[in-house]
Amino acid sequence: QLQLVESGGGLVQPGGSLRLSCAASGFTLDYYAIGWFRQAPGKEREGVSCISSNGGSRNYADSVKGRFTISRDNAKNMMYLQMNSLKPEDTAVYYCAGVRKRFISNRCDLTWQYDSWGQGTQVTVSS
């Protein structure tokens, strides 16, 4: 099974930036769509962004469009979430997740059943 480890979280002031990283091991990433999800205290987990296995397609939640950018480097087995113009409402534990889609390389969907998950990294936006 794909194993994922997130890093890069922390405390940042409103308007600041963070770059989350997700390191993959166990399988090659070539056939995996990757998603970033987050869960704030007392709230349900929500999809933030996803990227197709070939990197050609990206989707974003409306709440982060124009502020967050997802990317991946399959050669390094790494995925990233660049977060700019952070707001207090972005405070949450962020998770990266993968789902194997061998025959769907150019599309991603946050509603897919992602079955490989990292342990999460805390992002706190506060002054």
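In this predicted model, W117 is partly exposed, with a relative accessible area of 29%. The ring of W117 pairs with that of Y95: the centres lie 6.4 Å apart and the planes meet at 75°, so the arrangement is edge-to-face. This contact links distant parts of the chain, since Y95 belongs to strand β9 and W117 to strand β10, 22 residues apart. A search of the whole structure yields 3 aromatic pairs. Another of them is formed by F37 and Y114, whose ring centres are 5.1 Å apart and whose planes stand at 70°, so that this pair is also edge-to-face. Here too distant parts of the chain are linked, with F37 in strand β4 (residues 32-39) and Y114 in the loop between β9 and β10, at a separation of 77 residues. Both F37 and Y114 are buried. Through ring pairs, F37, Y95, Y114 and W117 are joined into a cluster.

Cationic side chains are also placed over aromatic rings. R45 lies over the face of F37, at 5.9 Å from the ring centre; F37 is thus a member of the aromatic cluster and also a ring with a charge over its face. In a further arrangement of this kind, the charged end of K101 sits over the ring of W112, at 4.7 Å from the centre of that ring.

The model contains 2 disulfides. In one of these, C22 and C96 are bonded, with their sulfur atoms 1.9 Å apart. The torsion about this S-S bond is 55°, and the link is right-handed. C22 is located in strand β3 and C96 in strand β9, so the bond ties together parts that are 74 residues apart in sequence. Both cysteines of this pair, C22 and C96, are buried. The other disulfide joins C50 to C108, with an S to S distance of 2.2 Å. Its torsion about the S-S bond is about 75°, so the link between C50 and C108 is right-handed. C50 lies in strand β5 (residues 46-51), whereas C108 lies in the loop between β9 and β10 (116-117), so this pair ties together parts that are 58 residues apart in sequence. C50 is buried, with a relative accessible area of 0%, and C108, at 3% relative accessibility, likewise counts as buried. When the bonded cysteines are numbered in sequence order, the pairing is 1-3, 2-4.

An open sheet of 4 strands is arranged in the order β1-β3-β8-β7, with antiparallel pairing. Its edge strands are β1 (3-7) and β7, each of which pairs on one side only. Neighbouring strands of this sheet are turned against each other by 15° on average, direction ignored. Within the sheet, strand β3 (residues 18-25) runs antiparallel to strand β8 (residues 78-83), and 6 bridges join the two. C22, a partner in the disulfide with C96, stands opposite M79 in β8. S21 is likewise placed in strand β3 and is buried, with a relative accessible area of 14%. Residues up to four places away in sequence aside, S21 touches V5, E6, S7, W36, M78, M79 and Y80. M79 is therefore a contact of S21, contact meaning heavy atoms within 4.5 Å, as well as the residue opposite C22.

Strand β11 (residues 121-125) has two faces of contrasting environment. T121, V123 and V125 make up the covered face, while Q122 and T124 make up the uncovered one. Strand β2 (residues 10-12) runs parallel to β11 and is joined to it by 3 bridges; the bridge partner of L11 in β11 is T124, a residue of the uncovered face. Strand β9 (residues 92-100) is also joined to β11 by 3 bridges, but the two run antiparallel. In that pairing, Y94 stands opposite T121 in β11, a residue of the covered face.

S63 is found in the loop between β6 (58-60) and β7 (68-73). Its relative accessible area is 36%, so S63 is classed as partly exposed. The C-alpha atoms of S63 and D90 are separated by 9.0 Å, the two residues being 27 residues apart along the chain.

Note on methods:
Residues are numbered from 1 along each chain as its sequence is written. This is a predicted model: local features need pLDDT of at least 70, side-chain atom pairs count only at pLDDT 80 or more; totals for chains, interfaces and linings use all residues. Side-chain values use heavy atoms; hydrogens and water are left out. Buried means under 20% relative accessible area, exposed over 50%, partly exposed in between (1.4 Å probe, protein chains only). Two strands pair if DSSP finds at least two bridges between them. Axes are lines fitted to C-alpha atoms, for helices over the stretch in contact, and angles run from 0 to 180 degrees between N-to-C directions. A disulfide is a pair of cysteine sulfur atoms within 2.5 Å. Rings of Phe, Tyr and Trp (its six-membered ring) pair if their centres lie within 6.5 Å; planes under 30 degrees apart count as stacked, over 60 as edge-to-face and the rest as tilted. A charge sits over a ring if NZ of Lys or CZ of Arg is within 6 Å of the ring centre and within 35 degrees of the ring normal.
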